[in-house]
Amino acid sequence: MEKRLITLIVNEQAYEIYVNPKTLLVEAIRDHVGLTGTKRGCETVSCGACTVLVNDMAVKSCSVLAVQCDGMKITTSEGLEVNGKLAPIQKAFLDNGSYQCGFCTSGMLMATSGLLKENKKPTKDQIKESIEGNICRCTGYNSIVRAVEAVARGEYKEGSV
Amino acid sequence: MTTTKKAQEATAKKGQEMTTFGLAKEKLTVLNTHVHNIDGVAKVTGRATYSFDTKLPGMLYGKILRSPHAHARIKNIDASKALALHGVKAVVTGKDTLGIKQGIWRRYQELCDEQILPVEKVRYIGEPVAAVAAATEEIAEAALDLIEVDYEVLPGVFEPMEAMKKDAPTIHEGVERNINVTRHIEWGDVESGFEEADYIREDNFFCGGQAHMCMETRAAVSSYTPEGKLTIYHSNQSAYYMQALMAGVLGIREGDIRVIAKYVGGGFGGKFELDGAIFCTAILTMKLFRPVKIVYTREEDFIATKRRTPMHYWVRTGIKKDGTFCAREARVVSNGGAYTGMGATALYLTGFFHSFPYVWPAYRYDGYRVYTNTLPSTSMRGFGAPQAMWCSEQQLEWMATDLGLDPIEMRRKNGHYAGYEVPGQAYIASCGLDEALTKTKEWIKAKGKLPANRAIGYSAAGFMSGGIFNWFDTPYSFSSAVVTINQDGTVILHIGATEIGQGSNTTMAIIAAETLGVKVEDITVHSGDTDHCPADLGAWGSRQTLMTGNATKRACEDAKRQILEFAYAKMGLNIVYDLDIKDRWVHIVARPERGMPWEELCKIATRGKDGQRIIGRGFYTPHRKGMISPAYSYMMQAVEVEIDKETGHIDLIDSLTAHDCGTPINHLGLIGQLEGAFSMAAGYGYLEYMPYEDGKLMNPNLVDYKMIRATEMPETPIAEIDTYEPEGPYGAKEAGEGLTNPTAAAIGNAIFHALGIQMKECPVRPHMIVQALKEKEEKDKAAKGAKKGK
Amino acid sequence: MIHDFTYLKPGSVKEALAMLADHVDECKIVCGGQSLLIPMRQGLLVTDYLIDIKGLNELSYIKYDAKEGLKMGATTTHRMIEKSDVIKKHYPVLVEMEDRLASTQTRNWGTIGGNLAHGDAAGDPAPVLTTLNAQVKIASAKGERLVPLEDFYTDIFETVMEHDEMIVEIQVPPMPAKSGVAYTKFNLLRNDMGVVGVAVSVVADASGACKDARVVLGNAGVTPIRAKSAEKVLVGKKLSDALFAQAGEAAAADADPVSDIHASEEYRRHLVKVLTKRMAKKAWEQASK
């Protein structure tokens, strides 16, 4: 088994890491790059807590090999804010109480961010479907849906405080 | 003066005490306003670090070897091959511990029956038998395969009814017929009560178990250092309980253990007992003097973390034909699994809340908790009450329907009210049941005629706001708080309450801000750290808003009294004038435009106290509050379901939640708790099947264990119920667990109204509906045939 | 824990096939990995060489023409299929099927080729594509061959592919005029794999009778099952509710389901009966338009 040198561009910063090819993307992000916002909640690709954006697409990073993402753009929950200014989806989550224990939150933020990148005005059903692969034990999901609806309605300006 | 009147006067007084002066329109300026959760930014930016994420320098990774047998004697454990594996630093077993049997019911030694690493015997599949610490997780896992355990397999018993039989295997020495705990609750004369009844029904039910399924699995990092201090990062609901329990099993002083639970990824009742992660990491680090981390996989979490108590229920109820309740008798046999844990409390509370929320002239409950060789059962949100309501609220609905009564009016007729005393058990000081019933009735009426295949079901319930009983045997106040005022007006609040996502940090900050007269953003809350925070029993039994809230309010009142002394001195007022603080403005109540800014007073007070900050202390322990709780919440849950008659598929279409929590404090937190409770309770009603075969869990993963998803959730509108609870801070009582109680029963009742079938087992799954419909069809056919024959 | 392997990343299909030929018995292909990584993490699937074809964009395409029908490259993601206008127009049942397949995240990364190669008896695409008469193009260093999807599976998780072969394309013929296809699955959660799944395609003739029918059951056996007795009930007749119900009964008898914690064999047969009846009716309503 030969380790491989790969580059992951995480939140607009390039990280060169030397990994065993069996390293999952979530392990590369959490252990090699050191960003622990992305979580793990299962071993069966069921819970979505590990969701990140790869080239702006929501994927479950527990089910992707890091080596497959060599040179790709990865966005995690730590990468949503810009110089301390929260992204609209983050502000909407705060306003709507769309998290409680917070463990699923990064995954929810990234799944919904992936949706909003594709579709700026999703319907309620589309919003629900975008987080269908994410489990939340605390909120019952409706507050998360309300947050995305608020962003879709244009209630938050990009980059404002 | 009756207490109802007292409560009414208190409510009126609430209005008089808080004056406004133009800036703040509300009489309460902070309570029930739209306050962001104060941990929110950390959580939405990925900064919040959980035990799951914690890394310490030189840290080793641990894994636990688990018993494949449900019942076996441990004859020998040979770890030599594992120890020879490069990278393995230590292997520990029960023999490396003091072998102390512990339990959370510390007051009763016979209920302290559990060694986390057993020495002689394993009693359930998945029980820890050894733990490894190694340089990497992968090496630790490989080491598990190299540990040789010599078991003498014993016959196991898995169902409580079987376990109580004379020839059943003995699970704990000296415990006859495996009966772990019994509970008896009684008032009135049940026999006479039944004699007065016009209609008596008797039914048997079964309520399944449920997994807590916290998004953060069990996780601990323990670090023991040469000066004899043990530091533990642990995902738990009570840092104090862990500290005290660990001191007990390790034979060291509580004060030499620091437990940190700053960010916790869910608890739901499963994380306030010792678990394999905290125990094994502590034993390993005390041997190696290096930090050790154990994180459970999701599979381990399913197999080896205690579950909701499965219960066999027998209920006999007698009512008059006008719907007046006469008598009820119930018996529960619960599947306790291998150890006691919090299961003893669940047995009591199910029997108590099975009487809620109604006035029963005569009531009798007998509960039996039985050991079996399965995963121990314990507390889970609702604490025995979801099971109680599944049975009670469905049976009452069937009885009302049989008698042609309006089921809501029947509930109203017999409902609790403020001033009622549950004989010998509880005093109800505030009760919003009546209003909840009315709001439900209005909602149903507004719905009008439903499409075919749809029906509405509802259920009432009531719940406690924390328990009064000191089974933990703590010498400390149940809740404590310390508030410190800095010279610049910022405030530090130290509480022992644990933030597990329910929003307690925010709730306490709101109470502190309201009491002191400042803003939430002025308050920094420290919680979940036994080195820095006062002891508190933690987040369970829906206790923190009332108990820690009271402690917080008292601490802030203490600080406010102290600091206002300096304002009185400075302002030289006539004795008839008094001062208050609102919105950072210290002012004369009668002349609010005259005063000084809060920040100015803080500076004055600090100088006045010789450079010392003002520190306020508060605490709360319920005294003379009956047998269960200082206060009770009430709720109604209505659910509209659609059922596919041919396949039995259940769809949740809409819902209504009417929850009486007294004065709401944390607005966003409250909505979150109610909506979240719905999702968990609905899961208990129709999704979260947890089958065991010979002690083995058949679906320990999230593919086969069904969790409700966003696409399955109906809307969850909430009807506000207005009451005031005198025992609670600003009139508040719980909103964390109560709403988990009625939802499964509401779904059951909806199925009953849709299809006329009575579902006695939860969770209800589609094939059960198909089967019940088939049986009903055959029964109806036979009845028709019998009629024709006449 | 995943066992160590040597990672190979071919830059072209030709290179991938050469690697397959070189390491024939000790290698496995990974693409989206949405199915493969789970057994690898459980230690149930061990391989010395892992050939990663995720980057082979030459196999990521959706082509349609009225004569040849639909051609999808093996590394086309589920999401591309879900969002494809051309598929929505000509084979809307495929878009409906994808909409209820796993989650958005899985569909973003997982591929149709990987799904079919994995051979999960409860998978959604295989029954639907079988009713559409799909064929799988398999390639090796030695050449290519076409296999009808209904002959592709030999057992659960097993296909007719040799160790040096891989799927390169899925072909779906144009749908005949006056045809209809419907698919559904039964599950507790909308996007779970089906407890059972039923796909039905029918073609009407000029007189309004059913000229052809294909009924394919998912998760009612170790591989997708063509319920031929159900098809016999439908073919040659003017269809009615009574015949849809009869087809359902016949399909239930053709099924060979297991009992597990989700459903008994009896209940699975019951579901096959109900769903076949419904999908036959739905497909027929489309065909009769």
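Let me start with helix H10 of chain C, residues 241–254, in what is a predicted model. The helix has 14 residues and spans 20 Å from its first C-alpha to its last, close to the 20 Å expected at 1.5 Å a residue.

Which residues of H10(C) are buried? They are Phe244(C), Gln246(C), Ala247(C), Gly248(C), Ala250(C), Ala251(C), Ala252(C) and Asp254(C). What do they pack against? Two strands of chain C, S13 (210–218) and S14 (225–226), and two helices of that chain, H9 (228–234) and H11 (265–287).

On confidence, chain C has a mean pLDDT of 96, and 100% of its residues reach 70 or more. For the complex, the predictor gives an ipTM of 0.97 and a pTM of 0.96.

Staying with chain C, I turn to its contact with chain A. Here 20 residues of chain C meet 25 residues of chain A. On the chain C side, the elements giving two or more residues are strand S1 (6–8), helix H2 (37–41) and helix H6 (104–109). H6(C) provides the largest share, 5 residues. By type, that side of chain C divides into 7 nonpolar, 9 polar and 4 charged residues.

Chain A also touches chain B. That contact takes 46 residues from chain B and 41 residues from chain A. On the chain B side, two or more residues come from each of helix H2 (40–44), helix H9 (298–304) and helix H17 (667–686). The largest share, 9 residues, belongs to H17(B). The chain B side is made up of 19 nonpolar, 19 polar and 8 charged residues.

Last, a sheet in chain B. It is an open sheet of 4 strands, in the order S20-S28-S29-S32, with mixed pairing. Why do S20 (454–464) and S32 (718–720) of chain B each have one side without a neighbour in the sheet? Both stand at the edges with a single partner strand, so one side of each is left free of a neighbour there. From one strand to the next, the twist averages 20°.

Now one pair within that sheet. S20(B) and S28(B), the latter covering residues 632–643, run antiparallel and are joined by 11 bridges. Within this pairing, Ser459(B) stands opposite Gln637(B) in S28(B). Helix H13 of chain B, residues 433–447, packs on the sheet. H13(B) touches S20, S28, S29 (650–660) and S32 of chain B, and its direction makes about 20° with that of S28(B).

Key. Residues are numbered from 1 along each chain as its sequence is written. Chains are lettered from A and ligands numbered from 1 in the order in which they are written. This is a predicted model: local features need pLDDT of at least 70, side-chain atom pairs count only at pLDDT 80 or more; totals for chains, interfaces and linings use all residues. Two residues are in contact if their C-beta atoms, placed from the backbone, lie within 7 Å. Ala, Val, Leu, Ile, Met, Phe, Trp, Tyr, Cys and Pro count as nonpolar, Asp, Glu, Lys and Arg as charged, and the others, Gly among them, as polar. The expected span of a helix is 1.5 Å times one less than its number of residues. A residue is buried if 20 or more other C-beta atoms lie within 10 Å of its own, exposed if 12 or fewer, and partly exposed in between; C-beta atoms are placed from the backbone. pLDDT is the predictor's confidence in each residue, from 0 to 100. Two strands pair if DSSP finds at least two bridges between them. Axes are lines fitted to C-alpha atoms, for helices over the stretch in contact, and angles run from 0 to 180 degrees between N-to-C directions.
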